[in-house]
Amino acid sequence: MMEEMRKAAKAVYEKSSYEEKEELNRLFKIMDRDGDGKISFAELARFMESADAHTRALFNLADQNGDGFLQFDELFMLSYLCSSGRPLCDACGVFIVGLFFTCTHCRLTNLPECRSYDLCIPCYRETKFEHEHTEFDDNYTLLFKMQHLLLSASQASTSSGVGKKGQTEALETLSSMASIVSFMGDLASVFLS
Ligand SMILES: [Zn+2]
Ligand SMILES: [Zn+2]
């Protein structure tokens with residue numbers, strides 16, 4: 001499962017521009033305070049200003065060869081994981097790499113702030129959570145629902161001639177979210193197969 005993530009991260013790195021690669025190099029050198037060419041957990045924790053369980057989980061996830069340090073490609077994997085919008089399970093705190101369940105109400109009503117309530121599959125299945133709302137969708141279903149919502153919103157605004165600005169904003173929010181969700185769906189299909 002993590003092997004697929006690494007392949008995806010590698011592909012993203014190879015497709016990034018010269019400037020982006022330079023930026024990553026610069027970041028690596030800033031984090032590598034003792035200049036030994038690898039990032040220790042202490043160096044990462046200092047950079048992220050956090051040494052909590054989440055930081056530790058991310059570090060362990062990215063530390064492919066398990067030597068307790070992050071080499072350059074492992075750091076890229078970490079930055080890729082962080083930038084891809086993958087959530088933490090709000091019940092058990094695990095970092096969710098693949099498919100997850102999300103509170104439909106929180107996702108659809110907190111769009112501007114992108115606040116959400118997300119659950120890993122085991123927590124959802126075993127109802128190991130307390131939350132004020134009861135309707136949950138997996139990331140595929142949510143994307144499908146949002147497409148329908150957007151469609152009806154755009155039809156409503158076309159007929160009334162108002163709400164153009166709101167519609168544009170909704171489109172932008174949705175397209176950025178859709179790319180994340182569909183990407184996660186692709187990964188999930190790989191992991192679950
Ligand atoms: Zn969980
Ligand atoms: Zn909710």
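## Elements and model

Helices and strands are DSSP runs, with helices (H or I) spanning at least four residues and strands (E) at least two, and they are numbered from the N terminus. The structure described here is a predicted model.

## Backbone exceptions in two loops

Glu-49 is located in the loop that links α3 (41–48) to α4 (53–62). Although Glu-49 is not a glycine, its phi is positive, at about 55°. Most residues other than glycine have a negative phi. Glu-49 counts as exposed because 7 C-beta neighbours lie inside 10 Å, and the exposed class extends to 12 or fewer.

Thr-127, likewise not a glycine, has a positive phi of about 50°. Thr-127 belongs to the loop between α7 (121–125) and β5. With 9 C-beta neighbours inside 10 Å, Thr-127 is therefore classed as exposed.

## The nonpolar cores

Nonpolar side chains tend to be buried together in soluble globular proteins. In this model, the largest nonpolar core comprises 12 residues, among them Met-5, Ile-39, Leu-44, Phe-59, Ala-62, Leu-70 and Phe-76. At least two residues of this core come from each of α1 (2–15), α4 and α5 (72–83). Helix α5 provides the largest share, 4 residues.

Ala-62 illustrates the contacts made by a member of this core. When neighbours within four places in sequence are set aside, the contacts of Ala-62 are Leu-70, Glu-74, Met-77, Leu-78 and Leu-81. A second core, separate from this one, has 11 residues, including Cys-89, Ile-96, Phe-100 and Phe-101.

## The antiparallel sheet

An open sheet is formed by 3 strands in the order β4-β3-β5, with antiparallel pairing. The edges are occupied by β4 (118–119) and β5 (136–138); each has a single partner strand, so one side of each lacks a neighbour in the sheet.

Strand β3 (residues 101–103) runs antiparallel to β4, and 2 bridges join them. Thr-102 has Asp-118, in β4, as its bridge partner.

## Tyr-140 in helix α8

Helix α8 (residues 139–160) contains Tyr-140. Tyr-140 has 15 C-beta neighbours inside 10 Å and so counts as partly exposed, a class that lies between the limits of 12 or fewer for exposed and 20 or more for buried.

Tyr-140 and Leu-99 are separated by 41 residues in sequence, while their C-alpha atoms are 8.5 Å apart in space.

Conventions. Residues numbered from 1 in each chain as written. Chains lettered and ligands numbered in written order. Predicted model: local features only at pLDDT ≥ 70, side-chain atom pairs only at ≥ 80, totals over all residues. Pairing = 2+ DSSP bridges. Core = buried A, V, L, I, M, F, W, Y, C linked by C-beta atoms within 7 Å. Contact = placed C-beta atoms within 7 Å.
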